[in-house]
Amino acid sequence: MTKPRVALQPPLKNVIVNINNYVVSNEVSEIYKVENLQIGDKKTIAIEYPLATDIVAEVTNGTITEAHYCAQYAVLTITSENSVNLIIKGRKIEKTLIQQVSNYHETGEDISYSNDLLTLQSESGSTMSISKFIGSWYNCRNLYDMDTRGLPLDRAGSTVYFPTDFSDKLQGYIVEHQLSFSGRFSGKETILKIGDGNVD
């Protein structure tokens, strides 16, 4: 319905990915302690502690009837007629960050990415490094906005072809799609250019 309006973004300089490296301690140590915890016959408590594994809770003057352990969180049900001392032990997990940097241009914008689930193990097992994957996306620096006839089959995430003043067919990825109906369909789309190509 209208010519695409292009918005140019700064060149991509670096993609910086923070990769987590987790190291498990060989020794069991105390990771949480509380004294004189009032129970009153039966009590369920939630506890947060540092990142650890092989976690075990111990109480004096009471009994743990139910326990659910996670890496940084536990839910314990304790029965006792008195106050108890609670100790939680486990093997601590130390986390360090390793930065993976991919350079694309001498000047421009840096893109930084972090995710707790991204580890050295997951990175080494992938066929493409996460920095190159992110770089291939963010290296597409042209965004096109256009009014459309409102195609109901188009949706965010679709790959489409569209004409501009400079190319008969550009390939793009729909990042935003608005659809309205007032006697007829109309819409607006924002498309990220991902390449040149022809429709098969």
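Which residue in S7 is the bridge partner of threonine 63? To find out, keep in mind that the model on your screen is a predicted one, and begin the tour at this pair of strands.

Select threonine 63 and then threonine 79, for threonine 79 is its bridge partner in S7. Now widen the selection to residues 63-69, which form strand S6, and to residues 73-80, which form strand S7; these two strands pair in the antiparallel sense, and 6 bridges join them. Strands of a sheet pair through backbone hydrogen bonds, which may run in either a parallel or an antiparallel arrangement.

Next, add residues 41-48, which make up strand S4, and you will have an open sheet of 3 strands on display, in the order S4-S7-S6 and with antiparallel pairing. Strands S4 and S6 stand at the edges of this sheet, and each has a single partner strand, so one side of each is left without a neighbour in the sheet. As you turn the view, follow the twist, which averages 15° from one strand to the next.

Leave the sheet now and move to the largest pocket, whose volume is about 450 Å³. It is lined by 23 residues, and those closest to its centre, which you can select together, are Thr2, Pro4, Met146, Phe162 and Pro163. Then colour strand S10 (142-148), strand S11 (159-162) and strand S13 (185-196), the elements that each give two or more residues to the lining; the largest share, 4 residues, comes from S10. If you finally colour the lining by residue class, you will find 13 nonpolar, 3 polar and 7 charged residues.

Conventions: Residues numbered from 1 in each chain as written. Predicted model: local features only at pLDDT ≥ 70, side-chain atom pairs only at ≥ 80, totals over all residues. Heavy atoms only, no water. 1 Å grid on protein atoms, 1.4 Å probe; cavity = no way out; pocket = protein on both sides within 12 Å on 5 of 7 lines; lining within 4 Å. Points joined across faces, edges and corners; volume = space filled by probe spheres on them. Nonpolar A, V, L, I, M, F, W, Y, C, P; charged D, E, K, R; others polar. Pairing = 2+ DSSP bridges. Axes fitted to C-alpha atoms, helices over the stretch in contact; angles between N-to-C directions.
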